[in-house]
Amino acid sequence: MQTPMPIVEIAGTGRFLPDNVVTNDDLAKRMDTSDEWIQTRTGIRERRIAPPELWAAQMGTEAARKAMEKAGVEPGEVDILIVSTATPDRWLPSTACDMQSLIGCDNALAFDLMAACTGHLYALTMAEGYIAAGRGEVALVVAAEKMSAIMDWDDRSTAVLFGDGAGAAVVRKADGSGRGILSSHHRSDGKLAELLYRPGGGAVEPLSQTVLDEGRHLLKMEGREIFKNAVRSMAEACDLALQKAGLTASDIDLLVPHQANIRIIEATAKYAGIPMDKVYVNVDRYGNMSSATVPIAFDEAIEQGRLGPGSTAMTVAFGAGLTWGAMTIRL
Ligand code: ACO
């Protein structure tokens, strides 16, 4: 099969990370855990935690401004702003609308996309479809996550895993040179919703003193089940994204996976047939920032020269929903 001609390209990327570094030893002072346990089971050494006054929309705006600068795009040129977030600043309006007003992209439509850790991949594909339909030429795709706000800081099995941050990409109509999104394969399975969820605080179980006292508005996770599903689904998504692009694993210069756990990353890379020296890893420095992990890793990989003009990347992610997906992208 021939490699498809991309409809859109990634014209610029950006990231924002809060300054505040929280190490495993810091966490061990407030809960029954240890640096040794966290590093061995997850690969995480430290994470960034945003201060209470820093909104996800503000983090996303910083990342978006950098992506726009690299792409040479002015706020008024943005036709659509899609923000993936599992941690909206408020229930209404969307974090995307708050971000639109901060960025000043007044000609855009703006909305949030909720697909947990797979959000950035879904959002890139939505942007691709919007541009393919001829509705606009420039999309701003931002992932902004303040996971620290939905953690149960008394639950050591989840609190040690997550961090805060934002990543962004400017998506533009491809120029016909072959650069851009080559393929994607995304799926979800709502039957497994309760493996990773926040039971209370929504319309089904509105906030009440009981919800707050029982911490039902905070994240709950069945870690082992998530682990098994993550590896299986990401391996399958990689295979199908490669097939749709007419590529094999040996054509991939760098795999940029969701950063939840080094053991999940290693198992996925193994199934996908990609050696670890071609896998981007920053889970040790940031932990799991839900949908922000992939665009932050992608931006770092470009900055470090591990991705550059002509290289072929594959991204893959997995999250609550359950949701999962993979994409191949030529830079
Ligand atoms: N410190 C010390 N001990 C701990 C900690 C901790 N932070 N957390 C759990 N333990 C203990 C458990 O209580 C258990 O003790 P027990 O055997 O006495 O009962 C023991 O460690 C082993 O616990 P497991 O849950 O079996 O440990 P496991 O090796 O499976 O690792 C982990 C747990 C890291 C959560 C792993 O299952 C994992 O990474 N799962 C996937 C999580 C994930 O990727 N989530 C994000 C999805 S993306 C999204 O949408 C947000």
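**Exercise 1.** In which sense do strand β4 and strand β5 pair, and over how many bridges?

*Solution.* The model is a predicted one, in which local features need pLDDT of at least 70 and side-chain atom pairs count only at pLDDT 80 or more, while totals for chains, interfaces and linings use all residues. Residues are numbered from 1 along each chain as its sequence is written, and side-chain values use heavy atoms, with hydrogens and water left out.

Begin with the elements, which are DSSP runs numbered from the N terminus (helices are H or I with at least four residues, strands E with at least two). Strand β4 covers residues 80-84 and strand β5 residues 109-113, and the two pair in the parallel sense over 5 bridges; pairing requires that DSSP finds at least two bridges between the strands. Within this pairing, Ser84 stands opposite Leu113 of β5. Between the two strands the chain passes through helix α4 (residues 95-103), giving a β-α-β crossover that is right-handed, that is, with the strands pointing away from the viewer, the path from the first strand over the helix to the second runs clockwise.

**Exercise 2.** Locate the cis peptide bonds at Pro93 and Leu322, and the positive phi of Ala116.

*Solution.* As a reference, most residues other than glycine have a negative phi, and most peptide bonds are trans. The bond from Leu92 to Pro93 is cis, with omega near -5°, and Pro93 is found in the loop between β4 and α4. The bond from Gly321 to Leu322 is also cis, with omega near -10°, and Leu322 belongs to the loop between β12 and β13 (323-330). Ala116 has a phi near 50° and sits in the loop between β5 and α5 (119-132).

**Exercise 3.** Describe the surroundings of the ligand.

*Solution.* Start with the shell of 27 residues, of which Thr33, Arg41, Cys117, Arg224 and Asn261 are the closest; a residue belongs here if one of its heavy atoms lies within 4 Å of the ligand. Helix α8 (223-245) gives the largest share, 4 residues, and domain 1 (8-177) and domain 2 (181-330) each contribute at least three, the bounds coming from an automatic or database domain assignment.

Next, take the polar contacts with the ligand (pairs of N or O atoms within 3.5 Å). Polar side-chain atoms of Arg41 and Arg224 lie 2.7 Å and 2.5 Å, respectively, from an oxygen atom of the ligand, whereas a polar backbone atom of Arg156 is 2.9 Å from a ligand nitrogen atom.

Definitions and conventions:
A polar contact is a pair of N or O atoms within 3.5 Å; within protein, one must be able to donate a hydrogen and the other to accept it, and residues adjacent in sequence count only if both atoms are side-chain atoms.
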